[in-house]
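Biologist: I have a structure to go through with you. Shall we take it contact by contact?

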Amino acid sequence: MGKPSPLTTDCTRVRTKLSAFEDGEVSPAWRADIEAHLAKCSDCRQALTDLRCLWRALEDAVPPRLQPDFAQTVMSRMTEQSGLGLLNWRHVFPAMLPAPATMAILVVFGLFIGGWMGQTVMKDRLMTTTSQEQVATLAAMDAFAPTPRGSLAEGYLLLVSITPLVKP
Amino acid sequence: MLLVGEGDTFAFSCLVHRHQDTVFRFIYRFFGKEEEANDLAQEVFLRIWRYSRKYKPTSQFSTWLYTLIANVCKRESRSLWRRNISLIGSFWISGSDVPEATAHTPSPEDAALHAEQSRLVLAAIESLPPKQRLALLLRRYEELSYQEISAIIGCSVSAVDSLLVRAKDQLQKKLVSPQK
């Protein structure tokens, strides 16, 4: 075969559509145009022949083998996944979640119960714990203050607070 | 398929038997490895089971199936490990890489020649970028139209045309030209 001649504008235009032409994916107008060009251009005819050769070369010579127990493996994996699916929190948790309205009612109910308990049960407990023991504890804590009760510092501060400021 | 969506395991089993070869062969051609094709084909069927409730009979089942297969292939080829391996493999296609097909060939000379041809074809296909490979396999072996391929890959018809032109051009350089 001789050296292929340089591509003309017409050849370049046809070559871009040659693949689609071979696949039967060009419009009737393009098809007629390409066929007319191929009738007079041996280089483009050769390009089309090469394309057809390639298509034939892609034929499978040795068919691959599927695992004999392929379907059984898929079925067993599917069963495993279905079993896990029941325990999967992404599926189960949303189903367990109550509707937003129910959640709001539960929150209000919780607040109400909490308030009631504070008023009745906890109030009694607070009353009983305010005993002499607790007063002594509070007084002991007061000893750590910068001016403990009954100290000289407290007396000085008291004196300063009641003495009016004398302006010169 | 609608029965599968309702959780019918028998219908799913029938579906697996009917389409297992198609799914397996497609993935085998995409990656060129039997073991990997078996694993990924299983993954495709498990996805079918998982997403069967979302299947709408408005589109063809084959299109839906090929979209699932394409997604599995794309995801797998995107992983760093696979990308590196295919990158290394693309440097020597006509050389010394040995796909598994040769391991199962019988001794006669014809079978050996066919195995060699198959090895070259698989290696050449594997050297293509994933999108070009998908387009080529869908066109050459599944005989889908450009319109169907565009729906599966998620691009325009003209993009499919362009992918196929580039894929054929590369394959021609690797398969046909050296034999001349």
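Biologist: How many residues does the contact take from chain B and from chain A?

Modeller: A caution before the count: this is a predicted model. Two residues are in contact if their C-beta atoms lie within 7 Å. The contact takes 26 residues from chain A, and from chain B 35.

Biologist: Which helix gives the most to the side of chain B that touches chain A?

Modeller: Helices 2, 3, 6, 7 and 9 of chain B give two or more residues each to that side. By class, the side has 17 nonpolar, 11 polar and 7 charged residues. The top contributor, with 9 residues, is helix 2 of chain B.

Biologist: What is the run of elements in chain B, from the N terminus on?

Modeller: Chain B has 9 helices and 0 strands. Of its 180 residues, 37% count as buried. From the N terminus, the order is α-α-α-α-α-α-α-α-α.

Biologist: Which helix of chain B gives the most to the largest nonpolar core?

Modeller: That core has 50 residues, and Ile27(B), Ala41(B), Ile69(B), Ala135(B), Leu138(B) and Ile149(B) have the most contacts inside it. Helix 4 (70-87) of chain A supplies at least two residues, as do several helices of chain B, among them helix 3 (34-51) and helix 9 (157-176). The most, 10 residues, comes from helix 2 of chain B.

Biologist: Which residues does Ile149(B) contact, leaving aside neighbours within four places in sequence?

Modeller: Ile149(B) is among the residues with the most contacts inside the largest core. Two of its partners, Ala135(B) and Leu138(B), are also on that list. With sequence neighbours within four places set aside, the partners are Ala135(B), Leu138(B), Arg139(B), Leu144(B) and Val160(B).

Biologist: Are helix 3 and helix 4 of chain B parallel, antiparallel, perpendicular or oblique to each other?

Modeller: They pack at an angle of about 130°, with axes 10 Å apart. Angles over 145 degrees count as roughly antiparallel, and 65 to 115 as roughly perpendicular. The angle fits neither range, so helix 3 and helix 4 of chain B are oblique.

Biologist: How many nonpolar, polar and charged residues make the contact of helix 3 with helix 4 of chain B?

Modeller: Helix 3 of chain B passes helix 4 of chain B in a right-handed crossing. Helix 3 brings Leu40(B), Glu43(B), Val44(B), Arg47(B) and Ile48(B), while helix 4 brings Leu68(B), Ile69(B), Val72(B) and Glu76(B). By class, these are 6 nonpolar, no polar and 3 charged.

Key. Residues numbered from 1 in each chain as written. Chains lettered and ligands numbered in written order. Predicted model: local features only at pLDDT ≥ 70, side-chain atom pairs only at ≥ 80, totals over all residues. Core = buried A, V, L, I, M, F, W, Y, C linked by C-beta atoms within 7 Å. Buried ≥ 20, exposed ≤ 12 C-beta atoms within 10 Å, placed from the backbone. Helix = DSSP H or I, 4+ residues; strand = E, 2+ residues; numbered from the N terminus. Nonpolar A, V, L, I, M, F, W, Y, C, P; charged D, E, K, R; others polar. Axes fitted to C-alpha atoms, helices over the stretch in contact; angles between N-to-C directions. Parallel < 35°, antiparallel > 145°, perpendicular 65-115°, else oblique. Left-handed = near helix turned anticlockwise from the far one by under 90°.
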